[in-house]
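New to this one? Have a look at the sequence and the model first, then come back for a quick tour of some helices and a few single residues.

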Amino acid sequence: MRVQERLDSLIDEVLQRNPGEAEFHQAVREVLGSIAPALDKHPEFADAKIIERLCEPERQIIFRVPWEDDQGEVHINRGFRVEFNSALGPYKGGLRFHRDVGLGTIKFLGFEQVFKNALTGMPIGGGKGGADFDPRGRSDREVMRFCQSFMTELYRHIGEYTDVPAGDVGVGGREIGFLFGQYKRITNRYESGVLTGKSLHHGGAQVRTEATGYGAAFFVEEMLRARGDSFDGKQVVVSGAGNVAIYTIEKVHQLGGRVVACSDSSGFVVDEKGIDVELLRQVKEVDRARISAYVDVRRDADYRAGASVWEVPCDVAMPSATQNEISGAQAATLVRNGCIAVGEGANMPTTPEGVDVFLESGAAYGPGKAANCGGVAASALEMQQNASRDSWSFEQSERRLREIITAVHASCHATAEEYGMGGNYVAGANIAAFTRVAGAVLALGLV
Ligand code: NDP
């Protein structure tokens, strides 16, 4: 059977074995759709059924999370941890608290994470977890009780050599603090390396908070540089207004671009003078308010409820909110309006139709597993500092992050060239990541 036919029948098998998990199917299709050339070159991976092994998580944990709100009402949520692949190191990947979380979402994120982590070149496997808990509108005490209940089960599955969760949507420094506190209490161990994204008061690392957004901006800068261009004077649109979005905006401004719009799930803000990051941070991180509150202070900015931020013309688009937030039609609008580069801060924010539009347009398109790997890379640096009981300065940490992103870009770029698909970062990222992780899986024998 030809390699691509074999991959297609494997995709069918994955779909049948994992019914109803549309996002996981999409992620598997995306990776398996571009690794045929690597299998041609490495038939040993096919013989040892490495792809079949990569598509099946090593372990999937689903658990009940009971907790009480401030009125004494009992709530029952569902918690997940999918430990996808540990060939390169302990499972590593964030926790997402969002009402839409289900097994299919966590599996797509875990699968992506395996390849993303491989791309960083660091010794980390891939996993992901979370719960269908919506922290929005909940008091600090409610969030704490939820986190404590969640960790009361999760603690038995994680550890600095086993599985190291971090934050993701709905899980920031506050939640990681509550989770770490409960882990420490149950285990009676100050095991800093069990969670990353900790605050600087208790074992956190400089630049981890900023790393995903900073890294995405660095990655786009590298893509532009490869085309003899730069951020200088570029108009940029960022979706979302959370951790990734805020630090993407901050770094794009430092690199010479101007971010004129950002969003949340209710609408978007346009500020032609450039989004004021300090104000955005105040609104989102301190007041925990909706993005519409931004225009209460910046009167000359505009808030548009219920509309798509991708209608705002830009040179560079940086989706940093959620999966499948750019449809084929929205990608076409972006290209029509002059967009020449896309850097995905979010995981899988572009639909397959949208990806085709970007690739066909010739835009520099940096897929999430490459463009947003700065977050997990900085998490690996946090683990490194925890293990050596050391802490690095902001400057040293940012320098290291930048080196890692530059190397990831170079690897994606060179791999695409090597396989005759120059400029295609999807192929470059998938093949480079697959080759590294497949080599490790093969070397460890049939386990
Ligand atoms: P946050 O929870 O901090 O922020 C998410 C933001 O996206 C919020 O402003 C949210 O608005 C907004 N949002 C959610 N859904 C939509 C939507 N449909 N349309 C517009 N805006 C929306 O999450 P993060 O910033 O941490 O994560 C964002 C993305 O980046 C996710 O895909 C995540 O997996 C990915 N990522 C995160 C990393 C990290 O280190 N944090 C690392 C790598 C990837 P609202 O409040 O209305 O929901």
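**A quick tour**

Let's start with helix α1: its buried residues are covered by elements that include α2 (22-32), α3 (36-41) and α5 (50-54). Keep in mind that this is a predicted model. The stops below take in three more helices and some residues worth finding on screen.

**Helix α1**

- Helix α1 runs over residues 3-17, and its 15 residues should span 21 Å at 1.5 Å a residue; the end C-alpha atoms are indeed 21 Å apart, so the two values agree.
- Its buried residues are L7, L10, I11 and V14. They take up an arc of only 105° around the axis, which means they sit on the same side of α1.
- Here's the general idea: an α-helix has 3.6 residues a turn, so residues three or four places apart point the same way.

**Helix α16 and what follows**

- Helix α16 (residues 374-387) has 14 residues and reaches 20 Å from its first C-alpha to its last, close to the 20 Å expected at 1.5 Å a residue.
- Twelve of those 14 residues are buried, so α16 is largely enclosed by the rest of the structure.
- The buried set includes G374, G375, V376 and A377, and also E382, Q385 and N386.
- Who are the packing partners of the buried residues of α16? They are β3 (91-97), α6 (103-120), β5 (163-166), α9 (208-226) and α17.
- R389 comes after α16, in the loop between α16 and α17.

**Where α17 meets α18**

- The axes of helix α17 (residues 394-418) and helix α18 (residues 425-443) come within 7 Å and cross at roughly 105°. Angles of 65 to 115 degrees count as roughly perpendicular, so that is how α17 and α18 lie to each other.
- On the α17 side, the contact is made by H409, S411, C412, H413, T415 and A416; α18 brings Y425, G428, A429, I431 and A432.
- Sort the residues of this contact by type and you get six nonpolar, five polar and no charged.

**V441 and V335**

- V441 lies in helix α18 and, at 8% relative accessibility, counts as buried.
- Leaving aside neighbours within four places in sequence, V441 is in contact with I50, R53, L54, N85 and A87.
- Try picking out the C-alpha atoms of V441 and G423: these residues are 18 apart along the chain, and the atoms are separated by 28 Å.
- V335 is in helix α13 (residues 328-336) and is partly exposed, with a relative accessible area of 27%.
- Not counting residues up to four places away in sequence, V335 touches V357, F358 and S361.
- V335 and C314 are 21 residues apart along the chain, with 9.0 Å between their C-alpha atoms.

**Two residues with positive phi**

- Most residues other than glycine have a negative phi, which is a good reason to check the next two.
- M348 has a positive phi, near 50°, and is found in the loop between β11 (341-343) and α14 (352-361).
- R389 likewise has a positive phi, near 50°, and is not a glycine.
- Which of these is buried and which is exposed? M348 is buried, with a relative accessible area of 8%, whereas R389 is exposed, at 74%.

Definitions and conventions:
Residues numbered from 1 in each chain as written. Predicted model: local features only at pLDDT ≥ 70, side-chain atom pairs only at ≥ 80, totals over all residues. Heavy atoms only, no water. Helix = DSSP H or I, 4+ residues; strand = E, 2+ residues; numbered from the N terminus. Expected span 1.5 Å × (residues − 1). Buried < 20%, exposed > 50% of the residue type's maximum accessible area, 1.4 Å probe, protein only. Arc of directions from axis to C-beta. Contact = heavy atoms within 4.5 Å. Axes fitted to C-alpha atoms, helices over the stretch in contact; angles between N-to-C directions. Parallel < 35°, antiparallel > 145°, perpendicular 65-115°, else oblique. Nonpolar A, V, L, I, M, F, W, Y, C, P; charged D, E, K, R; others polar.
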